[in-house]
Amino acid sequence: MFFHIKELQYQAKPERPDPLFAKKLQEVLGGQFGEITVAMQYLFQGWNLRGNGKYKDLLMDTGTEELAHIEMLATMIARLLDNAPVGDLEEAAKDPVIGAILGGMNPQHAIVTGLGAAPTDSVGYPWNARYTIASGNLLADFRANLNAESQGRLQVCRLYEITSDRGVRDMLAWLIARDTMHQNQWMAAIAELEEMEGKVVPSTFPRKLQKEEVAYTLFNFSRGNESAKGRWAHGPSMDCCGTFNYVANPQPLAPEPHLPPAPPYIFDTPPGVVSGKGPAVPPCY
């Protein structure tokens, strides 16, 4: 059960209208690493978690907070669009400053959403549920969450530098701080899970079924040997279950594959043509 509190979690009020920045702000609302993505990702991870306890509460707490961030961003976008000169565009564009703003404005903000936000990114691409990850494995999911918060904070920081509006910066500073917390909480949860079940996901797959002889090998598939200098090439593995090793000149371990021809009813390119032995049908066919 959800309740909507009418007050915003934090203020979202710009100093002045800015339709161009409203378009840019859409990225952290409906983009791949925007607030809609993390809200849906955390909520579905929580809803799908088979069991209760602190991890489910953490997911539901954070997912619900992200819904609040969606409302803050939608409110900010709407306010940035207030008094936007969208009535007589031709007349307004005679002013060079206004013309520059209109040149980058998202026309759908005026035509489709009535000077409001949309569940899209900064170029109008609709939000996509495939941005989200909810696998049922907490360690895998929390690592995905850490990546989402890292990318999201990066984008909000870039937006902070783009604008000089003190009201917008104030709200973005709040979001940046919350992303700091969220990165830290996922790192804490990851460390806790790794301590209990190891670092490699999934931890329950029988190790005897994997090819153990290559489980800790770095194959050099690029020119030079710079990659050999890394921590990943020598010494104990990060999961403490093996020793890293480095193969400078990897060799193929299987012969060249030769696939049999497909049945005639598949109508692939005839085998004789593929092998260069000649056409399979008369040229006048």
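Cys-240 is exposed in this predicted model, with a relative accessible area of 68%. The residue sits in the loop between β2 (235–236) and β3 (243–247), and its phi is near 60°, a positive value in a residue other than glycine. Phe-267 invites a similar look: this residue, also not a glycine, has a positive phi of about 60°. Its place is the loop between β3 and α10 (271–275), and at 70% relative accessibility Phe-267 counts as exposed. Most residues other than glycine have a negative phi, and most peptide bonds are trans. With that in mind, the bond from Val-201 to Pro-202 also deserves a mention, being cis with omega near -10°. Pro-202 belongs to the loop between α9 and β1 (217–219).

Turning to the helices, α3 (residues 35–48) and α4 have axes that come within 8 Å and cross at roughly 155°. Angles over 145 degrees count as roughly antiparallel, and α3 and α4 are therefore roughly antiparallel to each other. Their crossing is left-handed. On the α3 side the contact includes Ile-36, Ala-39, Tyr-42, Leu-43 and Trp-47, and on the α4 side the residues include Leu-59, Met-60, Gly-63, Leu-67 and Ile-70. By residue class, the contact of α3 with α4 comprises 12 nonpolar, six polar and three charged residues.

Helix α4 (residues 54–81) also meets helix α8 (residues 138–162), where the axes come within 13 Å and cross at roughly 25°. That crossing angle makes α4 roughly parallel to α8. Here too the crossing is left-handed, as α4 passes α8. Tyr-55, Leu-59 and Glu-66 of α4 make the contact with Leu-138, Phe-142, Asn-145 and Glu-149 of α8. Four of the residues in the contact of α4 with α8 are nonpolar, one is polar and two are charged.

Several of these side chains reappear among the aromatic residues. The model holds eight aromatic pairs with ring centres within 6.5 Å. In one pair, the ring centres of Phe-142 and Trp-186 are 4.9 Å apart and the planes lie at 40°, so the pair is tilted. Phe-142 lies in helix α8 and Trp-186 in helix α9 (residues 166–197), so the pair ties together parts that are 44 residues apart in sequence. Both Phe-142 and Trp-186 are buried. Together with Tyr-42 and Tyr-55, these two residues form one aromatic cluster. Of the cluster members, Tyr-42 takes part in the contact of α3 with α4, while Tyr-55 and Phe-142 take part in the contact between α4 and α8.

How values were computed: Residues numbered from 1 in each chain as written. Predicted model: local features only at pLDDT ≥ 70, side-chain atom pairs only at ≥ 80, totals over all residues. Heavy atoms only, no water. Axes fitted to C-alpha atoms, helices over the stretch in contact; angles between N-to-C directions. Helix = DSSP H or I, 4+ residues; strand = E, 2+ residues; numbered from the N terminus. Parallel < 35°, antiparallel > 145°, perpendicular 65-115°, else oblique. Left-handed = near helix turned anticlockwise from the far one by under 90°. Contact = heavy atoms within 4.5 Å. Nonpolar A, V, L, I, M, F, W, Y, C, P; charged D, E, K, R; others polar. Phe/Tyr/Trp six-rings, centres within 6.5 Å; stacked < 30°, edge-to-face > 60°. Buried < 20%, exposed > 50% of the residue type's maximum accessible area, 1.4 Å probe, protein only.
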